[in-house]
Amino acid sequence: PENSYYIQHFANRNALFPHYRNKELAENILSANYIDELFPILENNGIYALYITPQMKNELPDDYGLLFLLKNERFKLVYEHEGYEVWMFR
C-alpha cells in the first residue's frame with residue numbers, strides 16, 4: 001500500500017491498493033499457494049503486473065506461495081533494481 005502512489009504515477013496505471021481498498025484481494029494474491037488459485041484471481045481482476053519489494057521478499061516464503069509461483073512460465077521479470085522487481089503476468 002505504501003507504494004501505490006508511486007506505481008500509479010510511474011506506471012500510469014491503477015495500483016491494487018489505492019487507499020487500502022481491495023485488501024481482501026491483495027491477501028488472496030499473497031496467500032495463494034497454487035497456480036490454480038492465483039491465476040484466476042489475476043485474470044478475473046485484470047492484474048498483469050506485480051511489484052515485489054525487498055520487504056515482501058523478506059516476509060513471504062520463497063519455497064511456496066507467491067514468490068515460488070513467479071517461477072512459472074506465465075510470469076516474466078521485466079525490471080529489477082536493488083531488490084525491487086516488476087513481474088508481468090501473461
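**How many of the 90 residues in the protein are buried?** Buried residues come to 30% of the 90. Keep in mind for every view below that this is a predicted model.

**Figure 1. The whole chain, with its helices, strands and confidence.** The protein has 5 helices and 3 strands, and going along the sequence they follow the pattern α-α-α-β-α-α-β-β. Take the contacts between residues at least 6 apart in sequence: 47% of them join residues at least 24 apart. As for how far to trust the picture, the mean pLDDT is 86, and 86% of the residues reach 70 or more. Confidence is highest in helix 5 (residues 66–69), at a mean of 97, and lowest in helix 1 (residues 4–11), at 70. Where pLDDT is low, the predicted coordinates are not something to read in detail.

**Figure 2. Helix 2 against helix 3.** Here we zoom in on helix 2 (residues 23–31) and helix 3 (residues 35–44), whose axes come within 9 Å and cross at roughly 145°. The crossing of these two helices is left-handed. On the helix 2 side, look for Leu-25, Asn-28, Ile-29 and Ser-31; they meet Glu-37, Leu-38, Ile-41 and Leu-42 of helix 3. By type, the residues of this contact split into 5 nonpolar, 2 polar and 1 charged.

**Figure 3. Leu-66 and the residues around it.** Leu-66 belongs to helix 5. Is Leu-66 buried or exposed? Its relative accessible area is just 3%, under the 20% cut-off, so Leu-66 counts as buried. Setting aside neighbours within four places in sequence, Leu-66 is in contact with Ile-29, Leu-30, Ala-32, Leu-38, Leu-50, Ile-52 and Leu-60. Two of these tie back to the previous view: Ile-29 of helix 2 and Leu-38 of helix 3 are also part of the contact between those helices. Two others, Leu-50 and Ile-52, sit on the buried face of strand 1. Also worth finding here is Tyr-34: it is 32 residues from Leu-66 along the chain, yet their C-alpha atoms are separated by 8.4 Å.

**Figure 4. The three-stranded sheet.** The 3 strands form an open sheet in the order 1-3-2, with antiparallel pairing. Strand 1 and strand 2 (75–81) are the edge strands; each has a single partner, so one side of each has no neighbour in the sheet. On average, neighbouring strands are turned by 20° against each other, ignoring direction. Strand 1 pairs with strand 3 (residues 84–89) over 4 bridges, while 6 bridges join strand 2 to strand 3. To get your bearings, Leu-50 stands opposite Trp-87 in strand 3, and Phe-75 stands opposite Phe-89 in that strand.

**Figure 5. Two faces of strand 1, with Tyr-51 in the middle of the view.** In a regular strand, side chains alternate between the two faces of the sheet. Strand 1 does this: Leu-50 and Ile-52 point to one face and are buried, whereas Ala-49 and Tyr-51 point to the other and are not. Tyr-51 has a relative accessible area of 30%, which makes it partly exposed. Its bridge partner in strand 3 is Val-86. Not counting residues up to four places away in sequence, Tyr-51 touches Asn-3, Ile-7, Met-56, Tyr-84, Glu-85 and Val-86. Tyr-79 is 28 residues from Tyr-51 in sequence, with 9.3 Å between the two C-alpha atoms.

**Figure 6. Thr-53, just past strand 1.** Thr-53 is found in the loop between strand 1 (49–52) and helix 4 (54–59). Loop or not, Thr-53 is buried, with a relative accessible area of 7%. Which residues does Thr-53 contact, leaving aside its neighbours within four places in sequence? They are Asn-3, Gly-83 and Tyr-84. Asn-3 and Tyr-84 turn up among the residues that touch Tyr-51 too.

**Figure 7. Glu-82 in the hairpin turn.** Strand 2 and strand 3 form a hairpin with 2 residues between the strands, and Glu-82 lies in that loop. Most residues other than glycine have a negative phi. Glu-82 takes a positive one, near 50°. At 63% relative accessibility, Glu-82 counts as exposed, whereas Thr-53 in the previous view is buried.

Note on methods:
Residues are numbered from 1 along each chain as its sequence is written. This is a predicted model: local features need pLDDT of at least 70, side-chain atom pairs count only at pLDDT 80 or more; totals for chains, interfaces and linings use all residues. Side-chain values use heavy atoms; hydrogens and water are left out. Axes are lines fitted to C-alpha atoms, for helices over the stretch in contact, and angles run from 0 to 180 degrees between N-to-C directions. A crossing is left-handed if the near helix is turned anticlockwise from the far one by less than a right angle, and right-handed if clockwise. Contact means heavy atoms within 4.5 Å. Ala, Val, Leu, Ile, Met, Phe, Trp, Tyr, Cys and Pro count as nonpolar, Asp, Glu, Lys and Arg as charged, and the others, Gly among them, as polar. Buried means under 20% relative accessible area, exposed over 50%, partly exposed in between (1.4 Å probe, protein chains only). Two strands pair if DSSP finds at least two bridges between them. pLDDT is the predictor's confidence in each residue, from 0 to 100.
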